[in-house]
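Let's look together at how side chains meet in this protein. Keep the sequence and the 3D view at hand as you read.

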Amino acid sequence: MADNHSFDVVSEINHVEMHNAVDQAQKEIAVRYDFKGTKAALEFDKKENAVTILANHKGQLDTVIQVLKEKMAKRGVPVRALIRGKIEDASHDSVREVLKLHTGVDSEDARKIVKEIKQMKLKVQAQIMDDKVRVTGKKLDELQAVIAHLKEHGPEYPLQFVNLT
């Protein structure tokens, strides 16, 4: 068998499912008794890849984030993709936090991934392509070993393995 197989290591989120998770969290906050008459709200900005959360105080903000994480998990959106921001004071004695969503493999992490793959001593090649890493090799078993290793020892944010051919 002379043909090469390959896959890409990426870090992406499904924006449609993220939007659905935010919508479900908004609906739950609207009907929950402990949020009645409060300023608790969520807003998903697809262009900025961020979720803005508004609440009356820090405790309520943490509860809203927990509701969002539950909805994300139910919709299959990786919760580890959330990067918490700084809590800011907003208008009318409320607080705001902007949660960024991690997408793309950082260049430093991509270099670490390539280095780890080389240390595995398998007959595969890894190369960095923008915000993803492409791994090629002749044997599917070796590529699957690389995937298993990266699932175990990868960065804190979620990785996906796509285009396995």
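In helix α2, D62 and K58 join their side chains in a salt bridge, with N and O 3.0 Å apart. A salt bridge here is a side-chain nitrogen of Lys or Arg within 4 Å of a carboxyl oxygen of Asp or Glu. Because the two residues sit four apart in helix α2, about one helical turn separates D62 from K58. The model you are viewing is predicted, so local features need pLDDT of at least 70 and side-chain atom pairs count only at pLDDT 80 or more, while totals for chains, interfaces and linings use all residues. Residues are numbered from 1 along each chain as its sequence is written, and side-chain values use heavy atoms, leaving out hydrogens and water.

Are D62 and K58 buried, exposed or partly exposed? D62 is partly exposed, at 29% relative accessible area, and K58 is partly exposed too, at 46%. (Buried means under 20% relative accessible area, exposed over 50%, and partly exposed in between, using a 1.4 Å probe and protein chains only.) Helices are DSSP runs of H or I with at least four residues, strands are runs of E with at least two, and both are numbered from the N terminus.

By the salt-bridge rule, the count comes to 11. Here are some of them:

| Pair | Closest N to O |
|---|---|
| D62 and K58 | 3.0 Å |
| R32 and E28 | 3.2 Å |
| E28 and K71 | 2.8 Å |

Find E28 next, since it appears in two rows of the table. E28 forms a salt bridge with K71, and this pair links distant parts of the chain: E28 belongs to helix α1 (residues 15-31) and K71 to helix α2 (residues 58-75), 43 residues apart. Both E28 and K71 are buried, with E28 at 18% relative accessible area. R32, the partner of E28 in another salt bridge, is partly exposed at 24%. E28, R32, D34 and K71 are linked in a network of salt bridges. As background, side chains of opposite charge can pair when their charged atoms come close.

Now for rings. How many aromatic pairs does a search of the whole structure find? The search finds one: F7 and F161, edge-to-face, with 6.0 Å from centre to centre and 75° between the planes. Rings of Phe, Tyr and Trp (its six-membered ring) pair if their centres lie within 6.5 Å; planes under 30 degrees apart count as stacked, over 60 as edge-to-face and the rest as tilted. F7 lies in strand β1 (residues 5-10) and F161 in strand β9 (residues 160-162), so the pair ties together parts 154 residues apart in sequence. F7 is buried, at 0% relative accessibility, whereas F161 is partly exposed, at 21%.
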